[in-house]
Amino acid sequence: MGETCLPQARRPCHFRRPAHVPTQARGIDISARRRKMVVRTQGPATMTKDEQPAVWQADMLSQYPMDSNAMMSDLDAERLGLLLTYVEETTLSEELAAIIGRIAERHPKHLRVKELFETVEAYRRIGQAIYEQWRAGRVEVVYDFACGHGLLGLLLAYRFGKLRVVCVDLERRPAFDHYLAVARGLGVPLENISYVEGNFTELELPPKSYVICIHACNEGTKDALEMAVAAAACYAAMPCCIRDGIYLRRINHVDDDVRYAAAVGVIAGQYGAYKITAIDGRITNRNLIILGGPVPDATDAG
Ligand SMILES: C[S@@+](CC[C@H](N)C(=O)[O-])C[C@H]1O[C@@H](n2cnc3c(N)ncnc32)[C@H](O)[C@@H]1O
C-alpha cells in the first residue's frame, strides 16, 4: 500500500505536517476548541483524542444556513469553530481543518457554507470509493470534471498523495488558486494537483483514470460518463439538473424528489453503475452519487 493513500482511518497527526506547520489557523484553535468542547460536554479531560467521542452530530447541520448566498464570513465564531471541528472529524485531519480555517479567515468571500458541506460530504463518499478502486490497482489519476472552485480535488490530492489529481473547468476560478496558496502557505505542497482550464470533453483519459463529475448540469454528466465508460475508467457522478429528453423522453406526474431519484436510477442503469449513495439531503436536494467501475471487493460503507 502506498504510504500516502490511506483508508479513511484516523490519520496520524504528524502524517504530512512539517514541524513548522501550525495545527491551527490563526485565531481559530481547532484542537483547543475541540478539547474544550469535549471536556465541557462529553467527558473527562484525561481522555486521549482518539478515545474522545465525536463532537459533531448530524442534527447540528440545522444550525447552518444552506442558501447559496451564505458565506463562511456570515458565521459567528461559535458556529465557525464547530464547522472546523466537523471538517476535522469528517476528514480525520487536523491539517485539512486548519487549511479550511485559514481559507475562511483569508478569503471569507470565496467559500460558501453550503459548498463546504457539500464538498466535505462528497469527499467522504467519493474518497472511500476511490480508495476501494485504488486498492484493487485501478486508479492512478483522478479527474474532477466541471470542478468549479476545485476544493474537492484539493481534499482528494491531500488524502491520495500518490495519485495525480486534475481539476478541469471551462473557467479557472480565483477560489482554486486562493485555496492552493493557503495550503502551500501552511506547508502542504500538494504537488500532485493541477488545473486545466478548458472543456473536459476535449481531454483524452489515460488508463487507470477515475472520473468525478459533481453537479455538472444536464449534458455535462452524460458527457463525463460517456467518456469514463469509453475509457473503462471508474467514476463518481452527482447529477443536478436532468432535463427531459437527455436519458428518457419524460418522467411524468411525480414530484421533484421522485423525479430526481428516478432519473438518477436511469443514469445508473444506463452507465452500469455498481452503487448509488448519497450525501445529506439537507445540504442539497441534488444529493445522489452514482459510482461506476468494476465492483470493488470491499465494503458497502461509502
Ligand atoms: C454547478 S457548477 C459545479 C461545480 C463543482 N463541481 C461543484 O460541485 O461545486 C458547474 C460547473 O461545470 C462547468 N462545466 C460545465 N460544462 C463543462 C465542460 N464541458 N468542461 C469543463 N467544465 C464544464 C462550469 O464551468 C461550472 O463551473
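What follows is a walk through the fold, from the overall make-up down to a few individual residues.

The model is a predicted one. Its secondary structure comes to eight helices and seven strands. Of the 302 residues in the protein, 41% are buried. Among contacts with a separation of 6 or more, 69% are between residues 24 or more positions apart.

The sheet is a good place to start. It is open and has seven strands, in the order β3-β2-β1-β4-β5-β7-β6, with mixed pairing. β3 and β6 (273-278) sit at the edges, and each has just a single partner strand, so one side of each goes without a neighbour in the sheet. From one strand to the next, the twist averages 15°. As a general matter, strands of a sheet pair through backbone hydrogen bonds, in either a parallel or an antiparallel way. Both kinds turn up here. β1 and β4 run parallel and are joined by five bridges, with Val142 having Tyr210 of β4 as its bridge partner. β4 also pairs with β5 in the parallel sense, again over five bridges, and here Ile212 stands opposite Ala236 in β5. Strands β5 (residues 234-238) and β7 (residues 288-292), on the other hand, pair in the antiparallel sense over three bridges. Tyr235 faces Gly292 of β7.

β4 deserves a moment of its own. Six of its six residues are buried, so the strand is largely enclosed by the rest of the structure. In a regular strand, side chains alternate between the two faces of the sheet. In β4, Ser209, Val211 and Cys213 point one way, while Tyr210, Ile212 and Ile214 point the other way, and all of them are buried.

Now for the helices that go with the sheet. Helix α5 (residues 151-159) lies across β1 (141-145), β2 (164-169), β3 and β4, and runs at about 175° to β2. Helix α8 (residues 256-270) also packs on the sheet, where it touches β6 and β7, and its direction makes about 5° with that of β7.

Within α5, Leu155 makes a handy example of a buried residue. It has 25 C-beta neighbours inside 10 Å, and 20 or more is what it takes, so Leu155 counts as buried. Beyond its neighbours within four places in sequence, Leu155 is in contact with Thr91, Leu96, Thr119 and Tyr123. Leu96 is 59 residues away from Leu155 in sequence, yet the two C-alpha atoms are 7.6 Å apart in space.

Helix α4 (residues 113-135) is another element worth a look. At 1.5 Å a residue, its 23 residues should span 33 Å, and the end C-alpha atoms are 32 Å apart, which agrees. Of those 23 residues, 18 are buried, so α4 too is largely enclosed by the rest of the structure. Just after α4 comes Gly137, with a positive phi of about 80°.

Two residues that are not glycines also have a positive phi. One is Ala146, at about 60°, in the loop between β1 and α5. Ala146 is buried, because it has 21 C-beta neighbours inside 10 Å. The other is His215, with phi near 55°, in the loop between β4 and α7 (219-230). With 17 other C-beta atoms within 10 Å, His215 is partly exposed.

Ala146 comes up again around the ligand. There, 16 residues form the surroundings, and the closest are Ala146, Gly148, Leu170, Phe200 and Ile214. By character, the shell divides into seven nonpolar, six polar and three charged residues.

The last stop is Leu205, in the loop between β3 (193-197) and β4 (209-214). Leu205 has 18 other C-beta atoms within 10 Å, so it is partly exposed. Setting aside neighbours within four places in sequence, Leu205 is in contact with Tyr143, Met227, Ala231 and Ala233. Of these partners, Met227 is 22 residues from Leu205 along the chain, and their C-alpha atoms are separated by 7.7 Å.

Technical notes: Residues are numbered from 1 along each chain as its sequence is written. This is a predicted model: local features need pLDDT of at least 70, side-chain atom pairs count only at pLDDT 80 or more; totals for chains, interfaces and linings use all residues. Helices (H or I, at least four residues) and strands (E, at least two) are DSSP runs, numbered from the N terminus. A residue is buried if 20 or more other C-beta atoms lie within 10 Å of its own, exposed if 12 or fewer, and partly exposed in between; C-beta atoms are placed from the backbone. Two residues are in contact if their C-beta atoms, placed from the backbone, lie within 7 Å. A residue is near a molecule or strand if its C-beta atom, placed from the backbone, lies within 6 Å of it. Ala, Val, Leu, Ile, Met, Phe, Trp, Tyr, Cys and Pro count as nonpolar, Asp, Glu, Lys and Arg as charged, and the others, Gly among them, as polar. Two strands pair if DSSP finds at least two bridges between them. Axes are lines fitted to C-alpha atoms, for helices over the stretch in contact, and angles run from 0 to 180 degrees between N-to-C directions. The expected span of a helix is 1.5 Å times one less than its number of residues.
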